[in-house]
Amino acid sequence: MGSIKGYISRQLALLIILFSLFFVICFPVAAFEAVSLSAEISRLERVALNQNSRDRYQAFLDLAHLHRLSGNSEAALRAYDGALAVSPNDFRVLLEQGRLLVSLGEYERAASAINALLSGNPDRDIVIQGRHAAAQLEAFRSGNIQALAALADDPLFGEYRSGILYTLWKLTGNSAWENRLTREFPHSPEAKIAANGVELSPTPLWILFPGRDSISIVPPPASSLPPTERRSGEADAVGAAPAAGETTVAGETVFLQVGLFSREENAASRAESLRTAGFEPQMVRRHINSNQFWAVGVSGGADMNATINRLKDAGFEAFPVR
């Protein structure tokens, strides 16, 4: 018996050695060396910028993926633009671009990508995903949740339903959506998050409404402030005491957001447009996924609904952020 075991052991050892030699010969060690993110991005950029390369399209997609994973959303958007330059009206690229823009609050650019997608002739799966993105966009941009709420009961959107319910709950603060989420999808990631059952890590891939819990109000740049506007003593957080007559909910000042921008100069331009229309704009610095953005809006004032209607009449869509 012992000799049989010894024979089997020797044969197994021989097989392992032969397999190891085969692996080394066929797959050189260099193939397993770690490649730094910057080196891989540089390599892909060289391929993407080579006009004669047949791999340009895939290189742009790979660049977008790496940039999103590393949190560089602006670079990811440039990579998507590059992919679309190689393959115009690519529905899947338009979808990913639109989703990323929604997550960043770049609603006008997101609308352009999603509308281009839906006006084309994509397959059924892309249409469903595009309609989902369009409903999210409408809810985030204007506060109108009707389209998104309708999808929650549409069988076509069953695989998105837990995320839809979570988003509706986060947007409205209505516990009825949370109750439905935890009742219908108790084991979903969104239900676990709602129950504080998991610890969230910041990620640029979490395509939901940008967090409202990291808002601090800052004055617009000096170039967009009139000479007479007071700069000192301004509120530096949403929780600061509201001015007399301002709308408050549970002790919180209501801020009506009309835009969210990744570039401060674009936010300042929107603030100037509001000022020209007769409003007193505020710029709000927000930190989302470790990136900095600027929200632009106005105080809800004594009558938030009246202020929203005034903004709408002036051509601005707004929704309350507390």
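Does Asn-89 count as buried or exposed, and at what relative accessibility? In this predicted model, Asn-89 counts as exposed because its relative accessibility is 55%, over the 50% cut-off. The residue sits in the loop between helix 4 (73-86) and helix 5. Its backbone is also notable. Most residues other than glycine have a negative phi. Asn-89 is not a glycine, yet its phi is positive, at about 60°.

The chain as a whole was examined next. Its secondary structure comprises 13 helices and seven strands. The chain has 322 residues, and 41% of them count as buried. Contacts were then sorted by sequence separation. Among those with a separation of 6 or more, 57% link residues 24 or more positions apart. The accessible surface comes to about 17800 Å². Carbon and sulfur atoms contribute 54% of that area.

Arg-56 is a charged residue in a buried position. Its place is in helix 3, which covers residues 56-69. No salt bridge is formed by Arg-56. The nearest side chain of opposite charge belongs to Asp-55, and the separation is 10 Å. A polar contact is present instead: the side chains of Arg-56 and Gln-51 are joined at 3.4 Å. Gln-51 also appears in the contact list of Arg-56 that leaves aside neighbours within four places in sequence. The other members of that list are Val-47, Ala-48, Asn-50 and Val-86.

Helix 6 spans residues 107-118, twelve in number. From its first C-alpha to its last, the helix reaches 16 Å. This is close to the 16 Å expected at 1.5 Å a residue. The buried residues of helix 6 are Tyr-107, Ala-110, Ala-111, Ala-113, Ile-114 and Leu-117. These buried positions pack against two helices: helix 5 (91-104) and helix 7 (124-142).

Gln-257 provides a case from a strand. The residue lies in strand 4, residues 255-261. Gln-257 counts as buried because its relative accessibility is 1%, under the 20% cut-off. With neighbours within four places in sequence left aside, Gln-257 is in contact with Arg-286 and with Ala-295, Val-296 and Gly-297. Further contacts of Gln-257 are made with Glu-317, Ala-318, Phe-319 and Val-321.

Notes. Residues are numbered from 1 along each chain as its sequence is written. This is a predicted model: local features need pLDDT of at least 70, side-chain atom pairs count only at pLDDT 80 or more; totals for chains, interfaces and linings use all residues. Side-chain values use heavy atoms; hydrogens and water are left out. Helices (H or I, at least four residues) and strands (E, at least two) are DSSP runs, numbered from the N terminus. Buried means under 20% relative accessible area, exposed over 50%, partly exposed in between (1.4 Å probe, protein chains only). Lys and Arg count as positive and Asp and Glu as negative; His and the chain ends are not counted. A salt bridge is a side-chain nitrogen of Lys or Arg within 4 Å of a carboxyl oxygen of Asp or Glu. A polar contact is a pair of N or O atoms within 3.5 Å; within protein, one must be able to donate a hydrogen and the other to accept it, and residues adjacent in sequence count only if both atoms are side-chain atoms. Contact means heavy atoms within 4.5 Å. The expected span of a helix is 1.5 Å times one less than its number of residues. Accessible areas come from the Shrake-Rupley method with a 1.4 Å probe; for residues, only the protein chains shown count as cover.
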